[in-house]
Amino acid sequence: MKVKLGDIEMAYIVKGDGPPVVLIHGLAEGKESWLEVQEKLEGFRTYASDLRGHGKTTLGSVEGTLEQLGGDLIAFLEEISGPAQCVGYSLGGTIVLWAMAQRPDLVTAAVVTGTSTKVGRKAAVFFEERIRTITCDFSTFANVLRKDTKLQLINPGVDLDTVTAKRIDAVGDGGGYINAAKAMLRLYEKPLTPLLSKIKCPVTVIGGEKDIFCPRKAADIILSELPKGNYHELPNAGHLMSLDQPELYAKTILTTLQRNNYG
């Protein structure tokens with residue numbers, strides 16, 4: 001399905017029936033990365049969309065800001081799902097937290113997984129290098145993304161080439177990746193963390209035990225500012241928790257959504 005939101009046409013997948021849940025993917029991913037989770041979120045109507053310039057969603061203007069990406073989520077909540085719980089992975093979690101701070105009437109509770117609200121110097125260099133690679137030498141980006149994906153995985157049974165191919169497909173011509181990477185890079189100079197104290201609704205932070213991209217320290221920074229935050233760690237999982245521990249990942253999200261919705 002597609003919907004016109006401002007200057008973009010956003011593609012999304014809807015599954016199930018019940019209270020609404022909006023799922024936001026990470027950098028170099030697409031709405032399809034949520035498919036297995038969507039199948040397991042029984043009792044909820046789930047919406048998984050492609051971010052601006054990812055998958056089948058058009059790029060529109062490029063501002064390279066969290067405000068732009070968060071504004072897209074707010075527009076989707078206003079036009080399609082209505083007030084909803086939101087689940088965001090990595091970049092998606094950062095977007096959810098921004099939107100939650102701006103519009104508590106639309107984001108009623110959140111689950112953020114593998115998420116950071118502050119970018120350190122090492123991560124800033126990572127984003128700068130990836131932006132430079134995809135801009136100046138796109139032909140080598142597939143190899144770079146394959147190496148990044150390998151570092152995000154713990155489970156040796158995951159087919160690295162298949163996962164990388166799906167991520168390359170979601171990246172497309174790279175415009176959306178650059179736009180989103182620039183948004184994350186801005187968190188080096190201006191972290192999102194100070195806004196978290198404005199969030200009064202429940203937020204569950206899920207982290208992978210062996211995540212080197214968003215380690216426990218990133219979760220602790222978020223939790224230190226949230227009035228109603230709690231943490232759940234997935235054992236034997238790296239940054240790509242949905243692939244390292246697919247059953248436990250989906251179950252943890254479902255249990256949290258149920259608790260938020262039904263008390």
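## Helix α10 and the open sheet

Helix α10 (residues 246-262) lies across β3, β5, β6, β7 and β8 and runs at about 155° to β5. This is a predicted model, in which local features need pLDDT of at least 70, side-chain atom pairs count only at pLDDT 80 or more, and totals for chains, interfaces and linings use all residues. Residues are numbered from 1 along each chain as its sequence is written, and side-chain values use heavy atoms, with hydrogens and water left out.

Helices (H or I, at least four residues) and strands (E, at least two) are DSSP runs numbered from the N terminus. Angles, from 0 to 180 degrees, are taken between N-to-C directions of axes fitted to C-alpha atoms, for helices over the stretch in contact. Contact means heavy atoms within 4.5 Å.

The 17 residues of α10 should span 24 Å at 1.5 Å a residue, and its end C-alpha atoms are 24 Å apart, which agrees; the expected span is 1.5 Å times one less than the number of residues. Among the buried residues (under 20% relative accessible area, 1.4 Å probe, protein chains only) of α10 are Tyr249, Ile253 and Leu257.

The sheet is open and mixed, with eight strands in the order β1-β2-β4-β3-β5-β6-β7-β8; strands pair if DSSP finds at least two bridges between them. The twist averages 25° from one strand to the next. Four bridges join β1 to β2, which run antiparallel.

Helix α3 (residues 91-102) also packs on the sheet, and its direction makes about 155° with that of β6. The strands that α3 touches are tabulated here.

| Strand | Residues |
|---|---|
| β3 | 20-24 |
| β5 | 84-89 |
| β6 | 107-113 |
| β7 | 203-208 |

How values were computed: Buried means under 20% relative accessible area, exposed over 50%, partly exposed in between (1.4 Å probe, protein chains only).
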